[in-house]
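Colleague: I have the structure open and some questions about pairings, packing and backbone. Can we go through them one by one?

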Amino acid sequence: MKALTELVRDNILQLKPYSSARDEFKLDGCIQLDANENPFESGYNRYPDPYQNQLKQRLCDLKGMQSENLILGNGSDELIDLIIRTFCNPGIDNIIGLKPSYGMYQVSAAINDAELIEVALNGDFSLNVQRVLDACTKKTKLIFLCSPNNPTGNTFSSEEIDSLLNAFDGIVIIDEAYIDFSDQSSWTDRLSKFPQLVVLQTLSKSFGLASLRLGLAWASPELIAILNKVKPPYNVNGASQSLALKALENEAELNLQIQQILNERAWLEDELNKISIVQTVYPSEANFLLVKVDNANKLYEYLCANGVVVRNRTNQYGCVNCLRLSVGTPEENKELINRLKEF
Ligand SMILES: *Cc1c(COP(=O)(O)O)cnc(C)c1O
């Protein structure tokens, strides 16, 4: 692979980051007259820890990782943008993505004026490494993989990803938003082997904290240090930090919820397969099912009119007549199946 200094934009390499008043966050017990805050205590009158040290430590304890490998963002969507901004010179560099996949890579690439070259997955939604490598140009800085993939629900084989990491000399981002619903282990296990690897995770799905907006990027300490220079100083607000810490106290409850979602996914899959308008229920390692039906547009309209909102993916590459169904509570899933039987 290329050295990090060859991949990062020159202006970012040169960048002297903003030094915030709270960069040296050892102010406990001091009179704090350094940040022009309102001095009257409200619980929120002080700027938060710009590096979210407490929350990172808790996440590292949960996942058996080191906090020098971690940066937090205002959702992983912020981190996707941060990575593109750090590596891609606008109007010059490009990015490889897959289709069908998560829509934010395209949006963030467009905002940063980086071309997103979309490479088709195979018919069974598996990864075609040779096709990805053939699409790379001298200006390709990043490859985004989503595994388990949204909206198809499958994971890519580790042999395929391994060979891509070995063959490509830029940065590979593996978006693991749904990893906790999968049998596969996280690619964070292999960070030390692959210095150009970035693993994205989120508290929005399995952790049940979508409203707090907390995304995680795991990478080498060198890469994390560069991303830390570029991020806004207080990108994760204090309320989110403390509410997330509170929510993460109950690991056992979170694991129970994940187990229940997996049970419900299996139940939904069985029930869907009994319904005549359902052609295919694709195997899923996420908390949703991609389902091919006779007429997705009609069914989508019918469900909307009857109080059930799902995601219509019929216009995505390889997803003609497909709906994406999130796994809900047992009651919600029963309602969904009843509506489908009525249709
Ligand atoms: C839901 C999702 C995310 C999460 O984004 P947040 O900004 O962290 O809420 C990231 N990637 C994929 C593929 C997703 O489906």
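Modeller: A salt bridge here is a side-chain nitrogen of Lys or Arg within 4 Å of a carboxyl oxygen of Asp or Glu. Keep in mind that this is a predicted model.

Colleague: How many salt bridges does the count come to by this rule?

Modeller: Side chains of opposite charge can pair when their charged atoms come close. The rule sets the limit within 4 Å, nitrogen to carboxyl oxygen. By this rule the total is 9 salt bridges.

Colleague: About how far apart along helix H4 are Asp-81 and Arg-85, in helical turns?

Modeller: Their side chains form a salt bridge, 2.9 Å from N to O. Both residues sit in helix H4, which spans residues 76–87. They are 4 residues apart there, so the separation is about one helical turn.

Colleague: Is Asp-81 buried or exposed?

Modeller: Arg-85, its salt-bridge partner, has 29% relative accessibility and counts as partly exposed. Buried means under 20% relative accessible area. Asp-81 has 17%, so Asp-81 is buried.

Colleague: Which residue forms a salt bridge with Glu-249?

Modeller: The closest N and O atoms of this pair are 3.4 Å apart. Glu-249 is exposed, at 55% relative accessibility. The partner is exposed too, with a relative accessible area of 55%. That partner is Lys-246.

Colleague: Which residues are joined with Glu-271 into one salt-bridge network?

Modeller: Glu-271 forms a salt bridge with Lys-274, with the closest N and O atoms 2.9 Å apart. Glu-271 is buried at 12% relative accessible area, whereas Lys-274 is exposed at 61%. Salt bridges that share partners join Glu-271 into one network with Lys-274 and Lys-341.

Colleague: Now the helix packing. Are H4 and H8 roughly parallel or roughly perpendicular to each other?

Modeller: The axes of H4 and helix H8 (residues 221–230) come within 10 Å. They cross at roughly 100 degrees. Angles of 65 to 115 degrees fall in one class. H4 and H8 are therefore roughly perpendicular.

Colleague: How many nonpolar residues does the contact of H4 with H8 have?

Modeller: From H4 come Leu-82, Ile-83, Arg-85, Thr-86 and Phe-87. They meet Leu-223, Ile-226, Leu-227 and Val-230 in H8. By class, the contact has 1 charged residue, 1 polar residue and 7 nonpolar residues.

Colleague: Is H11 oblique or roughly parallel to H12?

Modeller: H11 covers residues 296–305 and H12 covers residues 330–342. Their axes come within 11 Å and cross at roughly 125 degrees. Roughly parallel would need an angle under 35 degrees, and roughly perpendicular one of 65 to 115. The crossing angle therefore makes H11, relative to H12, oblique.

Colleague: Is the crossing of H11 and H12 left-handed or right-handed?

Modeller: On the H11 side, Leu-299, Tyr-302 and Leu-303 make the contact. On the H12 side, Leu-336, Arg-339, Leu-340 and Glu-342 do. These residues divide into 5 nonpolar, no polar and 2 charged. The crossing itself is right-handed.

Colleague: On to the backbone. Where is Pro-148?

Modeller: The peptide bond from Ser-147 to Pro-148 is cis, with omega near -5 degrees. Strand S4 runs over 140–146 and helix H7 over 158–167. Pro-148 lies in the loop between S4 and H7.

Colleague: What is omega near for the peptide bond from Asn-150 to Pro-151?

Modeller: Pro-151 is in the loop between S4 and H7. The peptide bond from Asn-150 to Pro-151 is cis. Its omega is near 15 degrees.

Colleague: Is Phe-125 buried or exposed?

Modeller: Phe-125 is not a glycine, yet has a positive phi of about 70 degrees. The residue is in the loop between strand S3 (115–120) and helix H6 (129–135). At 5% relative accessibility, under the 20% limit, Phe-125 counts as buried.

Colleague: And is Asn-36 buried or exposed?

Modeller: Asn-36 has phi near 55 degrees, a positive value in a residue other than glycine. Asn-36 lies in the loop between helix H2 (10–14) and helix H3 (53–63). Relative accessibility is 79%, so Asn-36 counts as exposed.

Conventions
Residues numbered from 1 in each chain as written. Predicted model: local features only at pLDDT ≥ 70, side-chain atom pairs only at ≥ 80, totals over all residues. Heavy atoms only, no water. Axes fitted to C-alpha atoms, helices over the stretch in contact; angles between N-to-C directions. Helix = DSSP H or I, 4+ residues; strand = E, 2+ residues; numbered from the N terminus. Parallel < 35°, antiparallel > 145°, perpendicular 65-115°, else oblique. Left-handed = near helix turned anticlockwise from the far one by under 90°. Contact = heavy atoms within 4.5 Å. Nonpolar A, V, L, I, M, F, W, Y, C, P; charged D, E, K, R; others polar. Buried < 20%, exposed > 50% of the residue type's maximum accessible area, 1.4 Å probe, protein only.
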